[in-house]
Amino acid sequence: MPELPEVETICRGLAPLIIGKTIVTIETSGKLLRQPVPLDEMRAALPGQTINAIRRRAKYLLIECGGLLIIHLGMTGNLGVFTAEQPPGKHFHARFCFADGQELRYHDSRRFGRIAFFPAPSATAEQQFFAACGPEPVDCDAALLAEKCRRLQTPIKAALLNGALIAGIGNIYASESLFRARIDPKLAASALTLSEWRRLLAAINEVLNEAIVCGGSTISDYVNAEQKSGYFQMHFTVYDRAGQPCQHCGTAIAQTKIAGRSTFFCPKCQGENS
DNA sequence: CCCAAGACCTGGCGGC
DNA sequence: TGCCGCCAGGTCTTGG
């Protein structure tokens, strides 16, 4: 579900709802997410703490609250602020109850998400957590990416999904960015010229920024911190548009699988020598 | 070493 | 209507 724009949208939406709130209690469903939820550690450190800040890094949310709470939403994770009276949803997994009666809740039907916690956060702990994580798209350098991919035979579409190379890009925005840059998703990453890397990086940042302005993309279940849908899906040029005409040339959008993931592209605009 | 495939989960959809 | 297979926004591990 959530790629960089969706996580960024949730981050911005949650900030005014949770900053300054004091955590009183924490409860979980007891079900396993990708990793066990560190309930004991959180209960030992968080009650009485105030939330000072929320930020995003890659597809993770970082909540500074004395300790550092790191939350990944997986495919179907959702965070929102509710009142204590509102019954928890079917896929409730964690809640952080505040002194004012409101609570931050985490729901996740597929349970691919993750909640990690550092009781005494240090820059070092955070650095270690993100040690293998690539730079934010906005911080990427085309020449450096080209150099890192010099021997990478994997298709560029698959490379974009590798968070160690560049952070935050998921399956939707990989296809959308490659279309905007007019680059064939099947092209080996090593085959991109420097000018193609520049074009691609610019396209990625444009697409991500436009999606953030739209509040992200809602395919089936993504909602923001206010439980409202995004609308960047109205602006998809290729994703989930197989068979429909390319908005640029009218050719039918094609669908294929790259590294096991559905990939959408215009065979003409993103063809051999476009 | 590199890369594709599989695994982890639940739910929704199309086909029969 | 119901059952079945397939598909889905993401990582992580396995194995060829």
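The buried residues of helix α6 are Ile172, Tyr173, Ala174, Ser175, Glu176, Ser177, Leu178, Phe179 and Arg180. That is nine of the ten residues in the run from 171 to 180, so α6 is largely enclosed by the rest of the structure. I should state at once that this is a predicted model. The packing partners of these buried residues are α5, at 156–160, α7, and β10, at 261–265. After α6 comes Arg182, and its phi is positive, near 55°.

Let me turn to the other helix I wish to discuss, α1. It covers residues 4–18, 15 residues in total, and spans 20 Å from first C-alpha to last, close to the 21 Å expected at 1.5 Å a residue. Eleven of those 15 residues are buried, so α1 too is largely enclosed by the rest of the structure. The buried set consists of Leu4, Pro5, Glu6, Val7, Glu8, Thr9, Ile10, Cys11, Gly13, Leu14 and Ile18. As general background, an α-helix has 3.6 residues a turn, so residues three or four places apart point the same way.

Against which elements do the buried residues of α1 pack? They pack against four strands and a helix by name: β2 (53–57), β3 (60–65), β5 (77–83), β7 (102–108) and α7 (194–213). The helix lies across β2 and β3, and its direction makes an angle of about 175° with β2. Following α1 is Gly20, with a positive phi near 90°.

This brings me to the sheets. One is an open sheet of four strands, ordered β2-β3-β4-β8, and its pairing is antiparallel. Its edge strands are β2 and β8, the latter at 114–118, and each of them pairs on one side only. On average, neighbouring strands in this sheet are turned by 20° against each other, direction ignored.

We can follow the pairing across this sheet. β3 and β4, the latter being residues 67–72, run antiparallel and are joined by six bridges. Within that pairing, Ile63 has Leu69 of β4 as its bridge partner. Moving on, β4 and β8 are joined by five bridges, again in the antiparallel sense. Here Ile71 has Ile115 of β8 as its bridge partner.

Which residues of β8 belong to its covered face, and which to its uncovered one? Ile115 and Phe117 make up the covered face, while Arg114, Ala116 and Phe118 make up the uncovered face. In a regular strand, side chains alternate between the two faces of the sheet.

Another open sheet has four strands in the order β1-β6-β7-β5, with antiparallel pairing. The edges are β1, at 23–28, and β5, each pairing on one side only. Neighbouring strands are turned by 15° against each other on average, direction ignored. Five bridges link β1 to β6, residues 92–98, in the antiparallel sense. Among these pairings, Thr28 has Ala94 of β6 as its bridge partner.

Beside this sheet, I would draw attention to Pro47, which sits in the loop between α2, at 39–45, and β2. Leaving aside residues up to four places away in sequence, Pro47 touches Ile23, Val24 and Thr25. Pro47 and Ile23 are 24 residues apart in sequence, yet their C-alpha atoms are 5.2 Å apart in space. Pro47 counts as partly exposed because it has 16 C-beta neighbours inside 10 Å.

Next, the loop between α7 and β9, the latter at 254–258, contains Gln227. The phi of Gln227 is near 65°, a positive value in a residue other than glycine. Is Gln227 buried or exposed? It counts as exposed, because it has 11 C-beta neighbours inside 10 Å. Asp240 also lies in the loop between α7 and β9. Its phi is positive as well, about 60°, although Asp240 is not a glycine. With 15 C-beta neighbours inside 10 Å, Asp240 counts as partly exposed.

Finally, the nucleic acid. How many residues surround DNA strand B? There are 13, and the closest are Ser109, Arg110, Gln153, Thr154 and Ala259. Sorted by class, the surface near DNA strand B comprises six nonpolar, four polar and three charged residues.

How values were computed
Residues numbered from 1 in each chain as written. Chains lettered and ligands numbered in written order. Predicted model: local features only at pLDDT ≥ 70, side-chain atom pairs only at ≥ 80, totals over all residues. Near = placed C-beta within 6 Å. Nonpolar A, V, L, I, M, F, W, Y, C, P; charged D, E, K, R; others polar. Helix = DSSP H or I, 4+ residues; strand = E, 2+ residues; numbered from the N terminus. Expected span 1.5 Å × (residues − 1). Buried ≥ 20, exposed ≤ 12 C-beta atoms within 10 Å, placed from the backbone. Contact = placed C-beta atoms within 7 Å. Pairing = 2+ DSSP bridges. Axes fitted to C-alpha atoms, helices over the stretch in contact; angles between N-to-C directions.
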